[in-house]
Each structure stands twice: as C-alpha cells, then as structure tokens.
Amino acid sequence: MEIVILGSGTSFGIPMIGCKCSVCTSTNPKNRRTRPSALFKTGTRNILIDTAVDMRLQLIAADVSHVDAVLYTHAHADHLHGFDDLRAIGRKGPVPIYGDAKTLEVIRRSFSYAFDPGPQPSEVPKATLHEIRGPFDLFGEHIWPIDLLHGKLPVLGYRIHDAAYLTDCSAIPDASLRMLGNLDVLVLDAVRFRPHPTHFSVDEALEVISILKPKRAYLTHLCHDIDHDTVGAMLPPGVELAWDGLTLTTK
C-alpha cells in the first residue's frame, strides 16, 4: 500500500495570501503546502481522504487519473470544497463517498445540484452517500474510522492496515488510542509550536507519538510557523515533517 500526502498545509495554505514571512517567501518546495488531503493506494484502487479545496491541482501533481472512493474526515470548507471536481473522476459512474451523518448532510446541502433528481443542464459530480457507523470493508480493505476531537467538534481519522491518517485533531479519546497500536505509519496533525484550540501543537503531537510508538510518524497540517528544514532537524528519530507529494510505502 502507498500513502500519498497530497496536501500538508492548513486551511490558509502556504504561502498565505499577502504574507511575506520567511516560510511564505521560501524557495524550498517543501514549504509550499496545499490544503490537507491524502490518498491511499491499495492495489489498483485509489481511496481519497477529503476533497480539499486544492484537489484538482493535487491530483494532477500526483499523476492520479482516477479515484475509486472518498473518505471524509469532516465538513470544514478546506476539506470539502473540492467536491465539484469529482465531475472529472466520476465519469464512469458515481463515486462512493463516506462520512459521518453530519458531514453527509452538509455535502447534500452545499452541493444540492449534484443530487437533484432528473436530467441536469450541465455535468455535475456523480456520487453516492454512505454513512459511516463503524468499521467497514471497501474494495477488500478493512477501514477503521477513528473518532477524534477537533476542538469540540467530533471528526474522523482513518486506519487502513498498519497506517493511520489523523488530521485536524486536538484530542484522541482513549477508545481511539486503543485502535492505533502497532502502526507502521502515523500521519498526525501538528499545526505549530504555540498552543491551538482545535489542533495539536508540535509538542502535543510528539507526546501522542511517544504513547502510540509507531515505527514512523509524519506531522501534517503545518502552518507558516513551521520551516521544513529548521523544524525537521529538531524532531526526534522516527518523526519527520510531511510535505506535498510525500509518498510512503507500507505493508
């Protein structure tokens, strides 16, 4: 299985509009971060996590020609508003999309034109909605939804085999921690060093990593406080910063 980090930034992306800080003006391509998203490639199947605002450019950059399903973490705009670009990858039939009840409700309301009955005057995204109620199988893979807290908002992370993707989170309930043992790869939110009300800080993320003890950990959802080379050199062994286009291979 391969995991491609399509976007490793925050909802603002990097560079931020109008910002002249050293990271936003950096020439290091690993400091250019689009909105958070990932792709799990299992055999010939591509499972996308979130339709980020930058989804079209992310899939082009990663040379992804098709997506077989989408798993949503939550319905915030940076994770959802690339939905319309499912038009380009759903031409052979509806794309199954999975999320909790609240996320699916927001999708149906925000993109109602995609679900209106009858003929459409122009091409619209084709998708089928599937509510997540617990672990489920998809294309022969067992998907473990992981309950997380994004501030006070319940959101989902995902575990497939021995890899987990946990973005936009500030707390992991004990029951979820028990589902995250024996990981080869953990991709975890770490927005900045300063405390944040809805995201792990770098130190908080490192504390979670010390508890879970994955073989490899990658910090994502990085704001412009995080210079790739400077902060990357500060991290303990087995922990790295993610970047757009990072490809990881697991069992």
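## Exercises on a predicted two-sheet model

Strand 3 (residues 45–49) and strand 4 (residues 69–71) pair in the parallel sense over three bridges. The model is predicted: local features need pLDDT of at least 70, side-chain atom pairs count only at pLDDT 80 or more, and totals for chains, interfaces and linings use all residues. Residues are numbered from 1 along each chain as its sequence is written, and side-chain values use heavy atoms, without hydrogens and water.

**Exercise 1.** Determine the strand order of the sheet that contains strands 3 and 4, and name its edge strands.

*Solution.* Strands (E, at least two residues) and helices (H or I, at least four) are DSSP runs numbered from the N terminus; two strands pair if DSSP finds at least two bridges between them.
- Step 1. The sheet is open, has seven strands with mixed pairing, and follows the order 6-5-4-3-2-1-14.
- Step 2. Its edges are strand 6 (127–131) and strand 14 (247–249), each of which pairs on one side only.
- Step 3. Neighbouring strands are turned by 20° against each other on average, direction ignored; axes are lines fitted to C-alpha atoms, for helices over the stretch in contact, and angles run from 0 to 180 degrees between N-to-C directions.
- Step 4. Within the pair of strands 3 and 4, Ile 47 stands opposite Ala 69 in strand 4.
- Step 5. Helix 3 (residues 101–110) lies across strand 5 (95–99) and strand 6, at about 155° to strand 6. Contact means heavy atoms within 4.5 Å.

**Exercise 2.** Describe the sheet that contains strands 7 to 13.

*Solution.*
- Step 1. This open sheet of seven strands has the order 7-8-9-10-11-12-13, with mixed pairing.
- Step 2. Strand 7 (136–138) and strand 13 (239–241) form the edges, each pairing on one side only.
- Step 3. The average turn between neighbouring strands is 30°, direction ignored.
- Step 4. Strand 9 (residues 153–160) and strand 10 (residues 163–166) pair in the antiparallel sense over three bridges, and Ile 160 stands opposite Ala 163 in strand 10.
- Step 5. Helix 5 (residues 202–212) lies across strand 11 (185–189), strand 12 (216–220) and strand 13, running at about 155° to strand 11.

**Exercise 3.** Decide whether the radius of gyration agrees or disagrees with that of a compact globule.

*Solution.*
- Step 1. The radius is taken over C-alpha atoms, and the globule rule is 2.2 Å times the number of residues to the power 0.38.
- Step 2. For 251 residues a compact globule would have a value near 18 Å; the protein has 17 Å, which agrees.
- Step 3. Of the 251 residues, 53% count as buried (under 20% relative accessible area, 1.4 Å probe, protein chains only).

Note on methods. Buried means under 20% relative accessible area, exposed over 50%, partly exposed in between (1.4 Å probe, protein chains only).
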